[in-house]
Amino acid sequence: PLDGGHLLPAGRLREKPDALRRADVVVFNGADTRAALDAARDRVAHWLRADAIVAGMARRVTLVAADGSSSAAPRRLLAVSAIARPAAFEQSLAAAGIEVAGHVIRRDHHRYDAEDARAIDQLASREGLDVVTTEKDWVKLRGRGLSSRVWVARLEVSLHGDPLPV
């Protein structure tokens, strides 16, 4: 939960761990089981207030056909993403039972153009694969001339742990 305890730019923390003392609610991304949540809570317990609400966030990916059809997605796909953590996208797909046969990775916030679409189409065609991309990337790819069959990975998150006050 502390990613080595290093602040930006050396690590991913935006504040020192003792800033948790100010938190009313702490959510651990990736703590998708009770055991993972308990382990994360234990790692930071000495910084938490006694009344802090602690939850874990579970992620689940479902695939939706970009053309709106209701057919089932193939289990082997070409991933396309321009996000900060492309490996996490691959892990989410694997957890959904998808084999990532290849991954076209661009820098986070990449602006796709027609040339990108052609390159993706050529690779998908050569490998006989449909394409899977994130919702964020589909917004940028749609309308760029991509002719491959596209599946959009819809990320669903749920919280579990301490009850939230109503």
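**Entry 1: the whole chain**

I began with burial and noted that 36% of the 166 residues of the protein count as buried. I record here that the model is predicted. I then counted the secondary structure and found four helices and six strands. Reading along the sequence, I wrote the pattern down as β-α-β-β-α-β-α-β-α-β.

For the overall dimensions, I looked up the radius of gyration, which is 19 Å, whereas a compact globule of 166 residues would have one near 15 Å. The C-alpha trace spans about 55 × 35 × 25 Å along its principal axes. I also checked how far along the sequence the contacts reach. Among contacts with a separation of 6 or more, 69% are between residues 24 or more positions apart.

I turned next to the surface and to charge. About 10,000 Å² of the protein is exposed, and carbon and sulfur atoms supply 51% of that area. I noted 25 positive and 22 negative side chains, with the centres of the two sets 3 Å apart.

**Entry 2: helix H1**

Which residues of helix H1 are buried? In H1, which runs over residues 34-44, I listed Leu37, Ala40, Arg41 and Val44 as buried. These residues lie on the same side of H1 because they cover an arc of only 100° around the axis. I set a general point beside this: an α-helix has 3.6 residues a turn, so residues three or four places apart point the same way.

I then looked at the face of H1 turned away from the buried side and found the exposed residues Ala35 and Asp42 there. The buried residues of H1 pack against three strands: S1 (25-29), S2 (53-65) and S6 (150-161).

**Entry 3: the segment before S1**

I looked up two residues in the segment before S1, Leu20 and Pro9. Is Leu20 buried or exposed? Leu20 has a relative accessibility of 19% and therefore counts as buried, the cut-off being under 20%. Setting aside residues up to four places away in sequence, I found Leu20 touching Val26, Val44, Trp47 and Leu48. Val44 is also one of the buried residues of H1. I noted a distance to Pro165 as well: Leu20 is 145 residues from Pro165 in sequence, and their C-alpha atoms are 19 Å apart in space.

At Pro9 I examined the backbone. The peptide bond joining Leu8 and Pro9 is cis, with omega about 5°. In general, most peptide bonds are trans, and most residues other than glycine have a negative phi.

**Entry 4: helix H2**

I repeated the helix check on H2, residues 86-95, and listed Pro86, Phe89, Ser92 and Leu93 as its buried residues. Why do they share a side of H2? They cover an arc of only 115° around the axis, which puts them on the same side of H2. The face turned away from that side carries the exposed residues Ala87, Gln91 and Ala95.

I then asked what covers the buried residues of H2. The cover includes S2, S3 (76-81), S4, S5 (130-134) and S6. Just after H2, I noted that Gly97 takes a positive phi of about 85°.

**Entry 5: Ala82 and His109**

Ala82 is located in the loop between S3 and H2. I recorded its relative accessible area as 0%, so Ala82 is buried. Apart from residues up to four places away in sequence, the residues that Ala82 touches are Arg106, Arg107, Asp108, His109, His110, Tyr112, Lys136 and Asp137. I also looked up its distance from Ala35: the two are 47 residues apart in sequence and 32 Å apart in space, C-alpha to C-alpha.

His109, one of the residues touched by Ala82, belongs to the loop between strand S4 (99-105) and helix H3 (114-127). I noted a positive phi of about 70° for His109, although this residue is not a glycine. With a relative accessible area of 54%, His109 is exposed.

**Entry 6: Arg59 in S2**

I closed with Arg59, which is found in strand S2. Arg59 is partly exposed, with a relative accessible area of 41%. Leaving aside neighbours within four places in sequence, I found Arg59 in contact with Asn29, Leu155, Glu156 and Val157. How far apart are the C-alpha atoms of Arg59 and Ala31? I recorded 9.2 Å for this pair, which is 28 residues apart along the chain.

Technical notes:
Residues are numbered from 1 along each chain as its sequence is written. This is a predicted model: local features need pLDDT of at least 70, side-chain atom pairs count only at pLDDT 80 or more; totals for chains, interfaces and linings use all residues. Side-chain values use heavy atoms; hydrogens and water are left out. The radius of gyration is taken over C-alpha atoms; the globule rule is 2.2 Å times the number of residues to the power 0.38. Buried means under 20% relative accessible area, exposed over 50%, partly exposed in between (1.4 Å probe, protein chains only). Contact means heavy atoms within 4.5 Å. Accessible areas come from the Shrake-Rupley method with a 1.4 Å probe; for residues, only the protein chains shown count as cover. Lys and Arg count as positive and Asp and Glu as negative; His and the chain ends are not counted. The place of a charge is taken as NZ of Lys, CZ of Arg, CG of Asp or CD of Glu. The arc is that of the directions from the helix axis to the C-beta atoms.
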